[in-house]
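User: Hi! Could you walk me through the salt bridges here, one step at a time?

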Amino acid sequence: MSTYNDIRQALAATGQPHHTLPIQNGVRLLFTEYGSRVMPFLAEDTPCLYWLNPVLWDAAALRDFIAAGEWNMGGERMWIAPEIQFNIHDRTDFWGTHRVPREIDPGMYRMLTIGGQVHFSQQVGLQAYNTATGTLYVDMRRTVQQIANPLRHTTQFDDLMTDVQFAGYAQTATMSILGGDSMYAETWNLIQLNAGGTLFIPSGGEGAVRYFGDPADDAMTTRNGAYRLHLTGQQQYKMGYKAAFLSGRMGYLNQTPDGTHYLFVRQFNNDPTTVYAEEPPDSPGVQGHSVHVYNDGGQFGGNAEMEANGRTIGGDTGQTTMTDTYNMWMFFSSSDIPLRRIGQALMGIDL
């Protein structure tokens, strides 16, 4: 698999603006202006910790990809929800009318670096379908920066962090409606994961809703206080999970090709009082899902997605501006045992 150095060289060869932000323990975040992606690496000679499209390390393929306005780069991205409103022209023909607006991805972002922060900004108009009509105009501003270890003030810190390394960053997104506020909108954070690990979603009740595909049993029901999804990238389905039963944290446990174990813990502004306006294609009016999970079947590269939605603005919410922060805490070790202990401490479930 290609490394940070390979991808940076391909970006430079194609003249694509990019930036590197070093964070803790040698981890670096690589940013691209095209697609406004965030890509974490353990070191310069290691592959990305998130799934990346192979075109990113082939200059000729990358040039063609960008010329065609393609979007499936991998890494962490920020879209605008609801998908059923902006990406699907006819909900009765979901895949036949599935289109990612170029205003959403790759977008028209400008990237600016100031000190230890990376800023993305754009203003776009989006055509609505299905759940609304007309055009929504929004201003999107995002900031990414390093954040501290969430365990640092605990009495168990030294014990939990023995033989473990940490790196963390936050992406804060502020979206404001400039016109068309009769319709709903939310920031929508998606991380394309390397398949093969387990996604843990702590849940106080059964709130899983199938969007499409053939979900595995572990995506539908909780066990010991959590959904425990083995993400294979080989069986296409999408699920939504009700905000009312969630804690605002979820985690992904996996290992790199060289055997380094890692735990990602995502924290986000879970708020059951907001709308969360995304809907399954065959279930109009079924809303309230702050977390979605997509498991690919090979159609988009054999990866999986950990998705969190921001709080809803527009429509009957009375809000036209919202700021949401998506924290990513990353822990690394030669064994999964200390990572399972950290996961238990941060998410309140046995891993």
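Here is a short round of questions and answers on charged pairs.

Analyst: Happy to help! This is a predicted model, where local features need pLDDT of at least 70, side-chain atom pairs count only at pLDDT 80 or more, and totals for chains, interfaces and linings use all residues. Residues are numbered from 1 along each chain as its sequence is written, and side-chain values use heavy atoms, with hydrogens and water left out.

User: How many salt bridges does a search of the whole structure find?

Analyst: A salt bridge here is a side-chain nitrogen of Lys or Arg within 4 Å of a carboxyl oxygen of Asp or Glu. Searching the whole structure with that rule gives a total of 11.

User: Is D139 buried or exposed?

Analyst: D139 pairs with R141 in a salt bridge, with the closest N and O atoms 2.9 Å apart. Buried means under 20% relative accessible area, exposed over 50%, and partly exposed in between (1.4 Å probe, protein chains only). R141 has 47% and is partly exposed. D139 has a relative accessibility of 8%, so D139 is buried.

User: Which strand holds E307?

Analyst: E307 forms a salt bridge with K238, the closest N and O atoms being 3.9 Å apart. K238 lies in strand β13 (residues 237-242), and the pair ties together parts 69 residues apart in sequence, because E307 sits in strand β17 (residues 304-309). Strands (E, at least two residues) are DSSP runs, numbered from the N terminus. The strand asked for is β17.

User: Which residue is linked with K238 and E307 in a network of salt bridges?

Analyst: K238 is buried at 4% relative accessibility, and E307 is buried at 1%. The residue that joins them in the network is E83.

Terms used. Helix = DSSP H or I, 4+ residues; strand = E, 2+ residues; numbered from the N terminus.
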